[in-house]
Amino acid sequence: MPFAELLDRYALLLPPHVRATVAVSRGGGGGGGGGRGSVVLRRRNSRNDDRDRAPRTPSPAVARKAVELQQAAGELLRHLGFAEDDFMLGRTLAFLRSGALARCEAARTRQLGRVFALLQSRHRARAAVARLARQKGAAVRLQRAWRRRVAVAAARRLLRVKRVERTEQRRRE
């Protein structure tokens with residue numbers, strides 16, 4: 001499996017200090033690469049005129065990136081608990097023993113479950129905070145309406161009392 005593909009698929013299993021140093025981008029930079037990552041070492045097309053030429057060596061930046069990907073893939077596989085004889089790292093590919101990919105997938109599934117549970121709990125917390133804010137606003141509106149009703153009733157009583165006093169005062173006069 002190519003390093004970029006291995007790291008793309010299992011990047012969430014990487015330790016945080018390695019995840020911060022190796023970021024495999026998904027193309028789109030215009031430099032080709034076929035969407036397989038920012039650095040993909042490819043074999044040249046075998047044409048008749050290419051047979052006479054010496055093989056090209058990658059640029060230092062490409063070679064450096066390939067070494068970083070190789071080291072990150074090795075770190076990932078060691079972090080997953082693979083012994084050194086369970087995998088082998090080539091120049092661009094990681095060779096895994098049978099059953100190793102299933103172990104990677106099982107670890108990825110467990111980690112995805114944890115990530116989804118965390119996302120779900122954060123979503124529920126935000127929804128609960130929003131619901132609480134709505135309930136608080138509704139409670140404030142109810143209190144305001146009740147206080148207004150009480151104030152209006154008190155004002156009406158006061159007006160009735162004043163009316164009664166005025167009518168009694170008129171009768172006395």
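Start by selecting Glu84: with a relative accessible area of 52%, this residue is exposed. Keep in mind as you click around that this is a predicted model.

Now add Arg78 to the selection. The two side chains form a salt bridge, and the closest N and O atoms of Arg78 and Glu84 are 3.3 Å apart. Arg78 counts as partly exposed, at 40% relative accessibility.

**Zoom out for a moment**

Color by secondary structure and you should find four helices and two strands in the protein chain. Followed from the N terminus, the order is α-α-α-β-β-α. Of the chain's 173 residues, 18% count as buried. Switch on the surface if you like: the accessible area is about 13,700 Å², and carbon and sulfur atoms own 54% of that. As for contacts with a separation of 6 or more, 57% are between residues 24 or more positions apart.

**Next stop: Asp86**

Select Asp86, in the loop between α3 (60-79) and β1 (87-89). Is Asp86 buried or exposed? Its relative accessible area is 17%, under the 20% cut-off, so Asp86 is buried. Show what surrounds it: setting aside neighbours within four places in sequence, Asp86 is in contact with Phe95, Leu96, Arg97 and Arg103.

Stay on Arg103, because there is a salt bridge here: its side chain meets that of Asp86 at 3.8 Å, N to O. Asp86 sits in the loop between α3 and β1 and Arg103 in helix α4, so the pair ties together parts that are 17 residues apart in sequence. Unlike buried Asp86, Arg103 is partly exposed, at 41% relative accessibility.

**A greasy spot on the surface**

Pick Met88, in strand β1. At 59% relative accessibility, Met88 counts as exposed. Add Leu93 and Phe95, and you have a nonpolar surface patch with about 310 Å² of accessible area for the three together.

**Down helix α4**

Jump to Arg163, which belongs to helix α4 (residues 100-172). It is partly exposed, with a relative accessible area of 49%. Which residues gather with Arg163 in a patch of positive charge? Select Arg156, Arg157, Arg160, Lys162, Arg166 and Arg170 to see the rest of that patch on the surface.

For the last stop, select Glu168 and Arg172. They form a salt bridge, with the closest N and O atoms 3.7 Å apart. Both lie in helix α4, four residues apart, which is about one turn of the helix. Glu168 is partly exposed at 36%, whereas Arg172 is exposed at 68%. A search of the whole structure turns up four salt bridges, the Glu168 and Arg172 pair among them.

Conventions. Residues are numbered from 1 along each chain as its sequence is written. This is a predicted model: local features need pLDDT of at least 70, side-chain atom pairs count only at pLDDT 80 or more; totals for chains, interfaces and linings use all residues. Side-chain values use heavy atoms; hydrogens and water are left out. Buried means under 20% relative accessible area, exposed over 50%, partly exposed in between (1.4 Å probe, protein chains only). Contact means heavy atoms within 4.5 Å. Patches are made of residues with over 30% relative accessible area and no salt bridge: like charges are joined within 9 Å, nonpolar side chains (Val, Leu, Ile, Met, Phe, Trp, Tyr) within 5 Å. Accessible areas come from the Shrake-Rupley method with a 1.4 Å probe; for residues, only the protein chains shown count as cover. Lys and Arg count as positive and Asp and Glu as negative; His and the chain ends are not counted. The place of a charge is taken as NZ of Lys, CZ of Arg, CG of Asp or CD of Glu.
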